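I set out to record two topics in this notebook: the pairing of strands in one sheet, and the salt bridges between side chains.

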Amino acid sequence: MPNPATVSPPTMAAVRASGAVPNAEYLLTVENVRKEFPGVLALDDVSLRLRRGTIHALMGENGAGKSTLMKILAGIYTPDRGEVRLKGVPIRLQSPLDALENGIAMIHQELNLMPFMTVAENIWIRREPLNGFGLVDHRRMRRMTADLFKRLNIGIDPESQVRDLSVANRQMVEIAKAVSYESDVLIMDEPTSALTEREVAHLFEIIRDLRSQGIGIVYITHKMNELFEIADEVSVFRDGRYIGTHKSSDVTREDIIRMMVGREITQMFPKETVLIGETVLSVKNLSLNGIFTDVSFEVRAGEILGIAGLVGSGRSNVAETIFGVTPATGGSIEIRGRPVRIDSPTTAIREGMAFITEDRKETGCLLILDVLENMQIAVLQDRFVRGGFVSEREVSAACETMADKLRVKTPNLYERVENLSGGNQQKVLIGRWLLTKPRILILDEPTRGIDVGAKAEIHRLVSVLAKDGVAVIMISSEMPEVLGMSDRIMVMHEGRVTGFLDHAEADQVKVMELAAR
Amino acid sequence: MTTEHTANQASLAPVQVKTKRRLPSEINILLVLIGIAIVYEILGWMFVGQSFLMNQQRLTIMILQVSVIGIIAVGVTQVIITGGIDLSSGSVVGMTAMIAASFAQSAAWTRAVYPSLTDLPFIVPMLVGLGIGLLAGLINGWLIAYTRIPPFIATLGMMVSARGVSKWYTKGQPVSGLTDDFTFIGTGIWPVVVFLTVAAIFHVALRYTRYGKFTYAIGANVQAARVSGINVERHLIKVYAIAGLLAGLAGIVTAARAQTAQAGMGVMYELDAIAAAVIGGASLAGGVGRITGTVIGTIILGVMTSGFTFLRVDAYYQEIVKGMIIIAAVVVDVYRQKKRKT
């Protein structure tokens, strides 16, 4: 934990302490902010203005740059260029603590509370009231918490342990904590994603209450109806760029969708006409408790089925369940008309499936091992092994051929995978699965975070595989990719399938309408 | 940033993939071993007036002393490669020494544990010892794979219980009067032969078999390993079972070498074995480690102890310095890893 005295911009802290805050029209302004990560331009010349006592919604597709902007405001990232002004005074935040002390509080999607401590201890951590002996004055802390909760109309026992609270109540605690810092700006990242309807109503009451106290709230959401229910203003982002801001009473659902998806569709994906064969995979009423329900679809040989939907719609969970990572709690799976029970990846692989996961680093690459070891690991389940011994020469030859074919750029097969670029790591993973000669290929975000050239190569490769009769399921947040590559698109929203679109009829607006109802 | 840099360099390289092995990382640790030996050699001439290395008897004793540690370390290295840890191996040595020895007593000995089971052929205590070790390892592996308790805790429990078994077994009495048939494995150069044979077998297993490939994959990224179709649970049980089996073997050798078994045998051996693996380049984060490195690490431990004795360093100082050298070896390795990345 950095020392607050050294990182906090002293001028602003002093201004705040004096109470003589410059009377600017906007609580918070972001001007021409740019943020670049290796290989990705996350924010390009982005601006945002938050008025006092308003709820300002931020909307945009996955990867539009909302989260990056919020992390800049919360002091987690520093911008490469541009300016953030709090009540007219330029600030440069160095840490989350710094942001908090300047009156900007962020409530993360994944809540940051300490589960084995009480509610009161969580709220006043680092600022515990002390008694004459320098020990924590628990009685006073409890009273302070009770006062705070009364003010916010929250009915939680300050002495209860955080781990015993529901997600909704934890969120209330986070909000109370933010308010306890006398924050002027509150940033909420999809706060309702895990709440029931009644809890949402209570949350909205509290948010409106905070608004009436003059607090400015930045509210990130994917849900169109929330936007019209609670937001005063809405800003839309797309591909790291700021598109525009409107009063929410001035715009319609369709306007927002149009702003989110843009109009131009690039012709990057020359769709090959492939003879589509018999049904290979048929999924009926597949369910996973609490995550998704009644998912049914078929994929045929040579077909590319795209799955679209916003983050949290359950797309990836469906893929994980089909592949046996999280076995289903309901429904059935048939492969070539034969019912199969898939309870682990091992059985899925035996049934001819391959799965390129969403998170290359977490569930894909063996980062500290070399290219060869990464490529051979799945195929060793049933090939290139005699009496337990790996036929090193054969498997290296196969991997080398595959690496050449996929044009993996690496000095040699003994290079650690962590030293390769994202695109080449992805190619290594694709190679890992192609060696198993799959008949069903599941790709989850196959081109996330990789450069344009490698993207095109991967697209070409997937088309070739489909041509060879592989049934492909492709999950993607990139609209042009889904629209360009898929023969059919299945759209999901909150754990349910909301519709299917054919290649010919699908466009961005139709997909978005199904994805964000 | 840095990875990007390398990636850019890689993209300039021809697409044609070449097949060329890197220099094995054991070279570094071998240099450390040679360095330590040379220092002792020089100090030897300066202060003791004789050569440290040119003394075959000293070298033999030195390797004999660490061969039991080495046998355990071969198993512990595999556990460490999966990202786990085995704290129970020293206690398992004590337990198997006691139990195996009780089946290896001669009829001439009047206070045998099983008076009716004396003068048994060598194979009986051998199989009993290996079986006990294997069982301890299987329990460790099962606990870790299926109850999901951390390896540290599972093997800590085994460490305490196995030591308890070895004390309870004869109510603290040593088990003596072992047959020559049994003690043979502890005589002469045999412990070293056992150590190097075991090391060779598992060096091959880790490098050239599917078992080895899966072991590294689990340590490098357990989730990716699972998605790649590896039955992680079953594999972990195998690895811990092998570690237990080797600890059992070490117990047999210990009892045979001492010609008696005592409940206190093998105390702290687990830590020496872990130290040997880590000095040899194994990473406690998993995915990294080699048997060749562990063998060199074991010999380094031996050279250190032997050298201190040779230089007549006070036994108290020996432990203090040994601890510091272990830490220094790992610090150097961590630093080297970081440098390679940047």
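Before reading any bridge partner, I noted the criterion in use: two strands pair if DSSP finds at least two bridges between them. I also noted that the model is a predicted one.

Entry 1, the sheet. I looked up the strand order in chain A and found an open sheet of 4 strands, arranged E12-E11-E14-E15 with antiparallel pairing. I then checked the edges, which are strand E12 (292–300) and strand E15 (338–340) of chain A, each paired on one side only. For the twist, I recorded an average of 20° from one strand to the next.

Entry 2, one strand pair. I asked how many bridges join E11 to E14 in chain A. The count is 5, between strand E11 (residues 279–288) and strand E14 (residues 330–335) of chain A, and the two run antiparallel. As a single register point, I noted that A:Leu281 has A:Ile335 as its bridge partner in E14(A).

Entry 3, the helix over the sheet. I looked for what lies across these strands and found helix H11 (residues 315–322) of chain A, which lies across E11, E12 and E14 of chain A. The helix runs at about 70° to E12(A).

Entry 4, salt bridges overall. I searched the whole structure, and the total over all chains is 28 salt bridges. I examined several pairs individually.

Entry 5, a pair in chain A. I found a salt bridge between the side chains of A:Glu159 and A:Arg142, at 3.4 Å from N to O. This pair links distant parts of the chain, 17 residues apart: A:Glu159 is in the loop between helix H6 (138–152) and helix H7 (167–180) of chain A, whereas A:Arg142 is in helix H6 of chain A. I classed A:Glu159 as partly exposed because its relative accessibility is 34%. A:Arg142 is likewise partly exposed, at 35% relative accessibility.

Entry 6, a pair in chain B. I asked whether B:Glu233 is buried or exposed. At 13% relative accessibility, B:Glu233 counts as buried, because the cut-off for buried is under 20%. Its salt-bridge partner is B:Arg226, with the closest N and O atoms 2.8 Å apart. B:Arg226 is partly exposed, with a relative accessible area of 28%.

Entry 7, a network. I traced salt bridges that share partners and found A:Arg34, A:Glu36, A:Asp44 and A:Arg241 joined into one network. Within this network, I recorded the salt bridge of A:Arg34 with A:Glu36, whose closest N and O atoms are 3.3 Å apart. A:Glu36 counts as partly exposed, at 43% relative accessibility.

Definitions and conventions:
Residues are numbered from 1 along each chain as its sequence is written. Chains are lettered from A and ligands numbered from 1 in the order in which they are written. This is a predicted model: local features need pLDDT of at least 70, side-chain atom pairs count only at pLDDT 80 or more; totals for chains, interfaces and linings use all residues. Side-chain values use heavy atoms; hydrogens and water are left out. Axes are lines fitted to C-alpha atoms, for helices over the stretch in contact, and angles run from 0 to 180 degrees between N-to-C directions. Contact means heavy atoms within 4.5 Å. Buried means under 20% relative accessible area, exposed over 50%, partly exposed in between (1.4 Å probe, protein chains only).
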